[in-house]
Amino acid sequence: MSCNTLFIRLEGPMQSWGVAESKFVVRRTAEAPTKSGVIGLLCAALGVTRPDAGPWLTKLDELRMGVRVDRAGVRWWDYHTVGAGMQMRIAEAENKTKEGAMLTRREYLCDASFLICMQGEPALIAELAGALRQPKWGLYLGRKSCPMSVPVVRGDQSDMGEYGDLMSALAAVAYRPRYAGEELPEQLKCFLDWIATDGEHEVPHDAEVWYDVPHCLEPPAHGPRFVVQRSLGVGATGELIVGAAMQSKTPPPPRPRADYTNTEYRHRREERLTQDEHLCVFCKSPATTVQHITYRHAGGDERIEELRALCRLCHDAVTMIEYGLGMGLDRINPEDPEFRERIIEKRQEIIEFRSLETRRRRLEPEEVE
C-alpha cells in the first residue's frame, strides 16, 4: 500500500523549538515543533550532515506538515554555560578579558506532547519512516539535552497512512490519555501548513507567517511558510471530530481608557492643574499635562484626586516605568517616595537619549560615538 503520510510522536520531559526571535544569549521556544526542527530530526535519522543537507532540504521542505498539540506543556526557564575557554570581557576593566564561560538563558516546554504528520511522495515517506525506526544518529527534541520519553514512531505500519489532507490525518490517530480516568480535553489545537490549491488561492485571513523552512543548515538560513490554526473536537470516548468550532478565550471585560477629547475630562484636567498651581508635582517645572494615577474612572468620569499635574519629561518617565512594570488599572503616583529614584533615573535616560539624537542630526556619524 502506498502511504503519503508519516506520523511522528514528540514527547518528553523538556523540549525546545527555536523561533526567529531567539538570540544566542536568550533562547526562546515556539509553542509547537517547527518545520526546521522536525526536518533536522529527520536529517539526524538519515545520517545527513549539515554541509551535505542541501539536496535533502530541497525534498524535505516540500513536505506538508501538521502538528496536533496533545499537551501544550509548561514554559520553563533554565540556564546554560557556553564555552569554558572563551575570552569574556571583564566588567571592572575596560578592554580586558579573561577565560570563562558565557551564561545563557534557555526556555523549554516541560511535559509537552505533540503528534506530527508529514505528507509527501510515498517513496520519500517510506524512506523517512525506515530511518526513524533505525536512526543513524541520536534523536532529541530540539536540543541535545532533551531526550524523548516515548519512541518517535511505533515501528510498524501504523506509522504511515494514506490521507487526503492534514486534518483528516491528525484526526485518524486516537488521543491517548496519560492515565485511566484522565479528564479528556474538549479540543486539541492544530497547526497546519497552508499551501495554495486549485480551489483556494487567497491566503486565509488568520494565517501566520513562520520563518522556519530550512534552506541551508550551514550557515543556518530559513524561509517563510503560511501556518493556519485549527482544532479537533474530542468526543466522550476520545474520538476526534474534524470541523469542531474552536473555542475562543473569554475576552476580558473592557478596561476604562482615557478619552482626552471628553468634555468632563477636560474640566477635571483644568481643575487639577489649577489645584497644583500649574506646576509639576515631581520637579516643580511648569506643568503641561496631567497623569492618571488610576484608570478606574477614566473616560470622562475621572475624580480630581485621580490626576496629578506633571511636566512632559516627568510624564514620559512615569509612563515608561509603568509600561516596563506592566501595570494595570492602578498606576504610579509621582508623589509616592517609593518611585522617586526610578523616576529620576528614567528622566536622565530620556535626557541623554534626546541629547544623542540631537547630536546625530547635527554631526557626522563618526563624531557621535
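Which residues of α1 are buried? Taking buried to mean under 20% relative accessible area, exposed over 50% and partly exposed in between (1.4 Å probe, protein chains only), the list runs K35, V38, I39, L41, L42, C43, A44, A45 and L46. This is a predicted model, so local features need pLDDT of at least 70 and side-chain atom pairs count only at pLDDT 80 or more, while totals for chains, interfaces and linings use all residues. Residues are numbered from 1 along each chain as its sequence is written, and side-chain values use heavy atoms, with hydrogens and water left out.

Helices (H or I, at least four residues) and strands (E, at least two) are DSSP runs, numbered from the N terminus. Helix α1 covers residues 35-46, and its 12 residues reach 16 Å from first C-alpha to last. That is close to the 16 Å expected, where the expected span is 1.5 Å times one less than the number of residues. The helix is mostly covered, with nine of its 12 residues buried. Right after it comes G47, with a positive phi near 80°.

A few backbone spots stand out. D111, in strand β5 (residues 97-119), has a positive phi of about 60° although it is not a glycine. With 34% relative accessibility, D111 is partly exposed. E277 also has a positive phi, near 60°, and is not a glycine either; this residue lies in the loop between α5 (263-275) and β11 (289-292) and is exposed at 61% relative accessible area. Then there is a cis peptide bond, running from E218 to P219, with omega near 0°. P219 sits in the loop between β8 (208-217) and β9 (220-234).

Strand β5 also holds Y108, which is buried at 1% relative accessibility. Counting contact as heavy atoms within 4.5 Å, and leaving out residues up to four places away in sequence, Y108 touches M14, Q15, S16, T29, V74, R75, W76, D78, H80, R143, S145 and C146. The C-alpha atoms of Y108 and W77 are separated by 6.2 Å, with the two residues 31 apart along the chain. One of those contacts doubles as a charge over a ring (NZ of Lys or CZ of Arg within 6 Å of the ring centre and within 35 degrees of the ring normal): the charged end of R143 sits over the ring of Y108, 4.9 Å from its centre. R340 lies over the face of F282 in a similar arrangement, at 5.4 Å from the ring centre.

Next, the aromatic pairs. Rings of Phe, Tyr and Trp (its six-membered ring) pair if their centres lie within 6.5 Å; planes under 30 degrees apart count as stacked, over 60 as edge-to-face and the rest as tilted. The count comes to four aromatic pairs. Among them, F191 and W210 have ring centres 5.5 Å apart and planes at 45°, so the pair is tilted. F191 is in strand β7 (residues 187-194) and W210 in strand β8, so this pair ties together parts 19 residues apart in sequence. Both ends are covered: F191 is buried at 4% relative accessible area and W210 is buried at 13%. For W194 and F226, the centres are 5.8 Å apart and the planes are at 80°, so the pair is edge-to-face. W194 is in strand β7 and F226 in strand β9, so the parts tied together are 32 residues apart in sequence. W194 is buried at 12% relative accessibility, whereas F226 is partly exposed at 33%.

As for charged partners, a salt bridge is a side-chain nitrogen of Lys or Arg within 4 Å of a carboxyl oxygen of Asp or Glu, and the count comes to 23. E264 bridges to R268, with the closest N and O atoms 3.3 Å apart. The two are four residues apart in helix α5, about one helical turn. An α-helix has 3.6 residues a turn, so residues three or four places apart point the same way. E264 is partly exposed at 39%, but R268 is buried at 19%. D276 and R272 meet at 2.9 Å, N to O, and both are buried. In the bridge between E335 and R308, the closest N and O atoms are 2.8 Å apart. This pair links distant parts of the chain, 27 residues apart: E335 is in the loop between α6 (312-325) and α7 (340-362), and R308 is in strand β12 (residues 307-310). E335 is partly exposed at 41%, while R308 is buried at 11%. Finally, D111 turns up again in a network of salt bridges that links E11, R71, D111, R176 and R178.
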